[in-house]
Amino acid sequence: MSDEQQVGVASVEPVPLWRNRRFQLLWTGSAFSMLGLEISLLVYPLAVLAVTGSPALAGVFGGLHMAAGMVASLPAGELCDRYDRRRLLLLAETLRVVVTLSVVAALVLAELTLVHLVVAALLLGAVQPLGGSARMLMVRAVVPGEQLTTALTQEEVRSHAASMGGPPLGGFLYGTAMVLPFVFNAVTFTLSFLCVLFVRPAPPQPRPVDQGESSWQRMLSGLRATMAKPELRGVLLFTVLMNVASAPFGLISVVVLEEQGVSSGVIGLAMAGMAVGGLAGTFLVKPIHRLEPGRVMGVMGITTAVLVALLGLPLGPWWMAGVLFLLLLGVPAMRILVDLLIFRQVPDELRGRVITAAMTMYGVGSALGMTGGGLLLEYLPSPWAAGGLAALVGGCTLFALTMRGFRGLRWPESGSADTVEQR
C-alpha cells in the first residue's frame, strides 16, 4: 500500500490539526517525554557528582548516554521497519519509566550507586533512538501528507519549549530534594505512555524482508539508500557538517564567558538564548522554505560561519545570548528541510532505517564537533578557536555552492512518497 493510501486510511476526511485527536495525543505525549529527557540530561550528572564527588565521572553519564544511542540507532531503524511502531514506542516509554523508578527506589533506600547510574545512562541512551524513530513514523500514520510540515513545525515548538523549560525546572526540583526530579520524570514518562496507548493509527501493513540479506545488511540499507542518490547524499552530508559546527556552541560560549568572569547563573541565562532562538525559528519555517533548498542551505552555512566567529568576541553575556539566539533561528527550518528532502523521498518500509542512519551520522558529527571544539579551545585563544570553526563551516559551504547539483536542488513534487504541503 502506498503512503497516500495509508494516509487515506488514517484520515478519511482531513481535519485541522488541532482537531486531530491522534496527533494531539502524540504531540502531548511527546511534550511530556521530551521534558523528562531534558531534565534527565541535567539531573543524572548531578546525581553522579553527589554519589562520587568527581566532576570527571559526572561527565560519564552524558558520554555513555550518547554512545549508547549511537550504537542502538541502526538496530532501532531495523526494528521500526519490521514491527508495529506503536508497540515499540510503548516499549520505549515503559523502559524509561522502569529505569527512572529504579533510581527513585534507590534514592529512597539510600542505596544509589555509580554502577546503577551507569546502567541507567546506557539504557536511557539505547532506548532514545527507538522511541524517537517510532514516534516520528507514527506521526506520519495519523497526519495527512499535506499537513505534515505543519505537524513537524509543532513538534519543533515542543522540542525547543522543553529545552527552555526542562533544565530550570530540573534544577529547582533537584535543589528542593534530590529525589524529586526523578519522581517528576517517572510521571512524565508514564503520561507519555498513556497518551500513546490511546492512539489508534491504521493497522500496520506487512513489510517485506529480503531473506537474502543479513541483519547487518538490512540495518545498513537505510544509509546505502541515502548515499546512493547524489541529491540525498549532498543534503545529508551538509546537515552532518552543520551538526559538527553546532555541537560546540555551548562549550565555546561557556569558555568565552568564564574568561570574562561572568557568574554561572548569568551564563545559564545567556545559554537560554539557544532555546529561545529555536522556539522563535518555528515561525520562520514557511517563509524560509519559500526559497529553493540549495539556497536555504547555502544561506544557513554562510550565516552560521559568520555567527560562530562572532561567538568568540568577548563582549559580554547579552551579546552571547543574542548570537546564540540568531544561530538557532534557522534550525527548525533545516530539520524540516531534511524531512522533506530525505525522509519523504524513501518508501515507508525503508524509512525507519533511513531516519536512524541519519541520526547515527548526526551523532558522529556532534561527537566530532565537541571533540574538535574542545581541542581548538585547549590550544588556541577562544576567539581564534571560534574563528577556526567558522572557517571550516564557511569553506565547506562555499565548496558545496560550487556544485551544480547542490545549488539546483528543488523541493519534491506533490505525489512523491509523501504529499508535500503547499508552502
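Two residues are in contact here when heavy atoms of theirs lie within 4.5 Å. With that in mind, let us start at Phe189, in a model that is predicted. Setting aside neighbours within four places in sequence, Phe189 is in contact with Ser33, Gly36, Leu37, Ser40, Glu93, Arg96, Val97 and Thr100. Phe189 belongs to helix α7, which covers residues 180–197. Its relative accessibility is 0%, so Phe189 counts as buried. Thr94 is 95 residues away from Phe189 along the chain, yet the C-alpha atoms of the two are separated by 7.7 Å.

**The chain as a whole**

Now for a wider view. The secondary structure of the protein chain comes to 18 helices and 0 strands. Of its 423 residues, 49% are buried. Among contacts with a separation of 6 or more, 86% join residues 24 or more positions apart.

**Four residues in helices, one in a loop**

The table sets some residues side by side, with the place and relative accessibility of each.

| Residue | Place | Relative accessibility | Class |
|---|---|---|---|
| Asp81 | helix α3 (residues 55–82) | 2% | buried |
| Thr360 | helix α16 (residues 348–379) | 15% | buried |
| Ala280 | helix α11 (residues 264–281) | 25% | partly exposed |
| Phe189 | helix α7 (residues 180–197) | 0% | buried |
| Ala110 | loop between α4 (85–108) and α5 (114–142) | 69% | exposed |

Asp81 and Thr360 each have a side chain that reaches a backbone atom. For Asp81, the partner is the backbone nitrogen of Gly352, at 2.9 Å. For Thr360, the partner is the backbone oxygen of Thr356, at 2.8 Å. Beyond residues up to four places away in sequence, Thr360 also touches Met70, Ser73 and Leu74. Thr360 counts as buried because its relative accessible area is 15%, and buried means under 20%.

Ala280, with a relative accessibility of 25%, counts as partly exposed. Leaving out residues up to four places away in sequence, Ala280 touches Phe325 and Leu329. Leu326 is 46 residues from Ala280 in sequence, and their C-alpha atoms are 9.6 Å apart in space.

Ala110 brings us to the backbone. Most residues other than glycine have a negative phi. Ala110 is not glycine, yet its phi is positive, near 60 degrees. Ala110 sits in the loop between α4 and α5.

**A helix with a bend**

Helix α6 runs over residues 148–176, which is 29 residues. At 1.5 Å a residue, α6 should span 42 Å, and the 41 Å between its end C-alpha atoms agrees with that. Where does α6 bend? The bend is at Gly166 and comes to about 30 degrees. A proline, Pro167, follows within four residues.

**Two helices packed together**

Finally, look at helix α10 (residues 249–259) and helix α14 (residues 317–329), whose axes are 11 Å apart and meet at an angle of about 170 degrees. That angle makes α10 roughly antiparallel to α14, because angles over 145 degrees count as roughly antiparallel. Which residues of the two helices meet? From α10 come Phe249, Ser253, Val256 and Leu257. From α14 come Pro317, Met320, Leu324, Leu327 and Leu328.

Technical notes: Residues numbered from 1 in each chain as written. Predicted model: local features only at pLDDT ≥ 70, side-chain atom pairs only at ≥ 80, totals over all residues. Heavy atoms only, no water. Buried < 20%, exposed > 50% of the residue type's maximum accessible area, 1.4 Å probe, protein only. Polar contact = N/O pair within 3.5 Å; in protein donor to acceptor, adjacent residues only side chain to side chain. Expected span 1.5 Å × (residues − 1). Bend = angle between axes of the 7 residues up to and from the residue. Axes fitted to C-alpha atoms, helices over the stretch in contact; angles between N-to-C directions. Parallel < 35°, antiparallel > 145°, perpendicular 65-115°, else oblique.
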